[in-house]
Amino acid sequence: MLRDVPANCAGFPDLIQFWPREKRYRMIEVKGPGDRLQDNQLRWLRFFSTHGMPVSVCYVQWEAAA
């Protein structure tokens, strides 16, 4: 990533969640209604999976009006 920051920062997950007591974390990509994973995001997800790094995709939906 450091060798080419502009090319590699695109598609990096939106959030990082930390659990300091357990000394663990996970990266989270957030997708809204009608949004889809882009090619560069899929590349990052494959990289994280290959290296055993925790990552999730969170799909956000609008709540129906009551």
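Biologist: In which strand does Glu29 lie, given that we are looking at a predicted model?
Modeller: The model is indeed a predicted one, and the protein chain in it has two helices and three strands. Read from the N terminus on, the elements run α-β-β-α-β. The strand that spans residues 24-31 takes in Glu29, and this strand is E2.

Biologist: Is Glu29 buried or exposed?
Modeller: The term buried applies under 20% relative accessible area. Because Glu29 has a relative accessibility of 3%, Glu29 counts as buried.

Biologist: Which residues does Glu29 touch, leaving aside those up to four places away in sequence?
Modeller: The C-alpha atoms of Glu29 and Asp14 are separated by 5.1 Å, although the two residues are 15 apart along the chain. Asp14 is also one of the residues that Glu29 touches. With residues up to four places away in sequence not counted, the contacts of Glu29 are Gly11, Phe12, Pro13, Asp14, Leu37, Gln41, Ser56, Val57 and Cys58.

Biologist: Which side chain makes a polar contact of 2.9 Å with the side chain of Glu29?
Modeller: Among the residues that Glu29 touches are Leu37, Gln41 and Ser56. The polar contact of 2.9 Å joins the side chain of Glu29 to that of Gln41.

Biologist: Which residues are linked with Glu29 in a network of salt bridges?
Modeller: Side chains of opposite charge can pair when their charged atoms come close. Glu29 forms a salt bridge with Lys31, where the closest N and O atoms are 3.6 Å apart, and Lys31 in turn forms a salt bridge with Asp35, where the closest N and O atoms are 3.5 Å apart. The residues linked with Glu29 in the network are therefore Lys31 and Asp35.

Biologist: What is the relative accessible area of Asp35, the salt-bridge partner of Lys31?
Modeller: Lys31 counts as buried, because its relative accessibility is 3%. Asp35, by contrast, is partly exposed, and its relative accessible area is 38%.

Biologist: Which residue forms a salt bridge with Arg24?
Modeller: The structure holds three salt bridges, and in the one that Arg24 forms the closest N and O atoms are 3.8 Å apart. Arg24 is partly exposed, because its relative accessible area is 43%, and Glu22 counts as partly exposed, because its relative accessibility is 48%. The salt-bridge partner of Arg24 is Glu22.

Biologist: What is the phi value of Lys23?
Modeller: Lys23 has its place in the loop between E1 and E2, and at 77% relative accessibility Lys23 counts as exposed. Most residues other than glycine have a negative phi. Lys23, a residue other than glycine, has a positive phi, with a value near 55°.

Biologist: Which residues make the nonpolar surface patch of about 300 Å²?
Modeller: Phe18 has its place in strand E1, which covers residues 15-19. Because Phe18 has a relative accessibility of 56%, Phe18 counts as exposed. Phe18 is one of the residues of the patch, and the residues that make this patch are Ile16, Phe18 and Tyr25.

Biologist: What radius of gyration does the protein chain have?
Modeller: Taken along the principal axes, the C-alpha atoms of the protein chain fill a box of roughly 50 × 35 × 20 Å. For a compact globule of 66 residues the radius of gyration would be near 11 Å, but the value for the protein chain is 14 Å.

Biologist: What percentage of the area exposed by the protein chain do carbon and sulfur atoms supply?
Modeller: Buried residues make up 18% of the 66 residues in the protein chain. The chain exposes about 5,500 Å², and the part of this area that carbon and sulfur atoms supply is 57%.

Biologist: Among contacts between residues at least 6 apart in sequence, what percentage join residues at least 24 apart?
Modeller: The contact of Glu29 with Cys58 is one that joins residues lying well along the chain from each other, as the residue numbers show. For the protein chain as a whole, among contacts between residues at least 6 apart in sequence, the percentage that join residues at least 24 apart is 49%.

Methods. Residues numbered from 1 in each chain as written. Predicted model: local features only at pLDDT ≥ 70, side-chain atom pairs only at ≥ 80, totals over all residues. Heavy atoms only, no water. Patch = residues over 30% accessible without salt bridge, like charges linked within 9 Å, V, L, I, M, F, W, Y side chains within 5 Å. Areas by Shrake-Rupley, 256 points an atom, 1.4 Å probe, with all protein chains shown as cover. Salt bridge = Lys/Arg side-chain N within 4 Å of Asp/Glu carboxyl O. Helix = DSSP H or I, 4+ residues; strand = E, 2+ residues; numbered from the N terminus. Buried < 20%, exposed > 50% of the residue type's maximum accessible area, 1.4 Å probe, protein only. Contact = heavy atoms within 4.5 Å. Rg over C-alpha atoms; globule rule 2.2 N^0.38 Å. Polar contact = N/O pair within 3.5 Å; in protein donor to acceptor, adjacent residues only side chain to side chain.
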